[in-house]
Every structure is written in structure tokens, then in C-alpha cells.
Amino acid sequence: MIKRPIIIDTDPGIDDAVAIAVALFSEELDVKLITTVSGNVSLDKVTYNAMCLLKYFGKEEIPVAAGASKPLLREVIDASDIHGKTGMEGFDFDEPDMSKLLKEHAIDAMRKVILESNEKVTIVPIGPLTNIALLIRTYPEVMENIEELVIMGGSTGRGNAGVMAEFNFYADPEAAKIVMKSGLKISITPLDVGLKALVLPEDSEQIKLMNKTGEMFYSLFKRYRGGSFSTGLKMYDSCAIAYLLKPEMFETAFTFVDIETKGELTYGCSVVDLRGYLKEEPNATVCIDVDAQMFRDWLMDRIRNCN
Ligand code: BDR
Ligand code: CA
């Protein structure tokens, strides 16, 4: 089987941790690189968390490069209220060997992987889009060898970080705008599907017993505030991996998406023009619904497949 080469750009983050695990243990995917970006918590913390995860999974051979510590224009925000002050509160990881962290900046590491790959590389951004905007502005030559961006971010309706803005886009709206206008092939799993991609309490109890990964997830889930343990935990970032591996569980619309960067009350809001009011060419495939049961079954299977 030809594995699809991917780069995960991430801010772990408890739901990021699940998405990373699923990707690492999926035989259809070849995770070439993990890059980190300031988001759920600060850059140093999310980078440390990514290294902890790789050590825990026994996958330290996968390179990690740290990227942007700040958004392009706006001030830094975080989501430590959702993920805890460390970003992955609830589990004590062994110290990773931080000397293994690449010395180069994420965008230099991405450039290298993309240009050296025989096959076009898919990037899966599951944090704010700062690194991706910097990459395409600094090294536009990479665009030719990018297959697709599969992004978790934005919303077709209301927000989770502001009235109308979803966290990843709100954390760096200018970067999101640059990415949406890049001309790259883009697919988005927005908040709308993330809200339905739930792990229910009975699932968590099974996950705990599945394997070492499941045990760790269970501890993190107890502290995760993306939803609640008793009514369902929102697996936003795993939706991007699910879309890569099983797109048939999503309903999609090929449509025009732009990001509000001037609105007084709507800064960071994704404008998803499902009815074509703006008369612009479509620039993204947006997932507008997910088969929640299929997602649950899929995620359970994938976690069972981890170490
Ligand atoms: C997104 O925000 C972050 O808190 C999650 O990790 C996810 O990427 C959901 O809005
Ligand atoms: Ca994330």
C-alpha cells in the first residue's frame, strides 16, 4: 500500500493528542513531520507535549520542529481553560529527550520535507494557521508539491472562542485569511462537525481498557473541557484525520470561504458562503455534517489499533 505522506501542524492540546495518535498508528498514512504552533497553550508547552506524545507512543523517530510563538498580527490567546495549564493536563508523561527537537524552524523543516518528497505532501493543520501562512509566504515554491490542506478550523455558524469565531481561526485570523486565499486545494472540518464528533462516557470506559494509549487518553479525558465527560467530549481535531481516511462519513459543500479580519464584533469569524451571495469562486471543500455514529465507531477502532 502506498502511504499518503502528511505533515501534522498542531498545538497539543488534548484533542490534538488523539488526532496525532490515530494518524501515527494508521497504516494508510506516513507522518513525515510534526510541527508545532502557539495555540492551546504557549509554543514551548505544545512542543514539549508533542515530544511527550511521540516518546509515549514509541515513535521518537518522527521529527518535530517548533514554529511560530505568536500570531501574525493579533495578541496571543490560549485555550488553557479547555486543555489545562500544561495543554495536556491530567497525565504525567515521562520527560522526552528535547535534544531530538529539530533545530530548524517549522517552516524550514516543512519546506525540506515537501520539496524532497517524490509524492505531493498533504498538510493537516489542527491548530492556528500561523505556520502555514508563513510557509506559503516565505517559500511559495512549496505550493506545487502540496497535495492538499486538511484543516480543522472555522465554523459555518457560531463560534466557540467568540460569538462567531472558532478558536483556531480566531487565534490568528490574518494567517487564516492568507491560507484561504492561497489557491491551494483546501478541505475543512469546521466546528460544526467537531461538535458532533463525540466520545461518550461508555466509550471512554472502553478506551481506558484498550491499550496503553487508551489508558493515557482516559486520564486526559477526565480533565478535558471540550464538552464534558458525562455528555460527550468533542474530538475536533480527529475529524481532520477522519476526513482523510474515511471521507464518506462527512457531508460536504464546495464553497467560498473568507475570514473576517476587520469586524468589530466578528473578528476571526469564517464566512462560509454556502448560498453564493458573494459571487466568488469556491476555494474550499467544507464538511457541513458528519455521521456521528460512524465517527464514534471509526475512532474506537482506530484507538484500538494504537499501542
Ligand atoms: C480547536 O481549538 C482547539 O482548542 C482544539 O485543539 C481544536 O483544534 C477547536 O476549536
Ligand atoms: Ca488543536
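Me: A polar contact is a pair of N or O atoms within 3.5 Å. In this predicted model, how far is a polar side-chain atom of Asn40 from an oxygen atom of ligand 1?

Reply: Asn40 is among the residues around ligand 1. The pair to look at joins a polar atom in the side chain of Asn40 to an oxygen atom of the ligand. A polar contact needs a pair within 3.5 Å, and the distance here is 2.6 Å.

Me: Which residue has a backbone N or O atom 3.1 Å from an oxygen atom of ligand 1?

Reply: Asp15 is not the one, since the N or O atom that lies 2.6 Å from an oxygen of ligand 1 is in its side chain. The backbone atom at 3.1 Å from a ligand oxygen belongs to Ile126.

Me: How much of the accessible area of ligand 1 does the protein cover?

Reply: On its own, ligand 1 has 280 Å² of accessible area. Ligand 1 sits in the largest pocket. The share of that area covered by the protein is 98%.

Me: Which elements give two or more residues to the shell around ligand 1?

Reply: The residues around the ligand include Asp15, Asp16, Phe167, Asn168, Tyr236 and Asp237. By class, the shell has four nonpolar, four polar and four charged residues. The elements that supply two or more of the shell residues are α1 (14-24), α6 (167-170) and α11 (236-245).

Me: In the open sheet of three strands, which strands stand at the edges?

Reply: The order in this sheet is β7-β9-β8, with antiparallel pairing. An edge strand has a single partner, so one of its sides is left without a neighbour in the sheet. That describes β7 (198-199) and β8 (227-228).

Me: Which residue of β9 is the bridge partner of Val199?

Reply: β7 pairs with β9 (residues 232-234) in the antiparallel sense, over two bridges. In β9, the partner of Val199 is Leu233.

Me: Is the peptide bond from Pro12 to Gly13 cis or trans?

Reply: Most peptide bonds are trans. Gly13 is placed in the loop between β1 (4-10) and α1. For the bond from Pro12 to Gly13, omega is near -5°, and the bond is cis.

Me: What is the phi of Lys279?

Reply: Most residues other than glycine have a negative phi. Lys279, in the loop between β11 (270-273) and β12 (284-290), is a residue other than glycine with a positive value. Its phi is near 55°.

Conventions
Residues numbered from 1 in each chain as written. Chains lettered and ligands numbered in written order. Predicted model: local features only at pLDDT ≥ 70, side-chain atom pairs only at ≥ 80, totals over all residues. Heavy atoms only, no water. Near = heavy atom within 4 Å. Polar contact = N/O pair within 3.5 Å; in protein donor to acceptor, adjacent residues only side chain to side chain. Areas by Shrake-Rupley, 256 points an atom, 1.4 Å probe, with all protein chains shown as cover. 1 Å grid on protein atoms, 1.4 Å probe; cavity = no way out; pocket = protein on both sides within 12 Å on 5 of 7 lines; lining within 4 Å. Sits in = over half its atoms within 2 Å of the grid points. Helix = DSSP H or I, 4+ residues; strand = E, 2+ residues; numbered from the N terminus. Nonpolar A, V, L, I, M, F, W, Y, C, P; charged D, E, K, R; others polar. Pairing = 2+ DSSP bridges.
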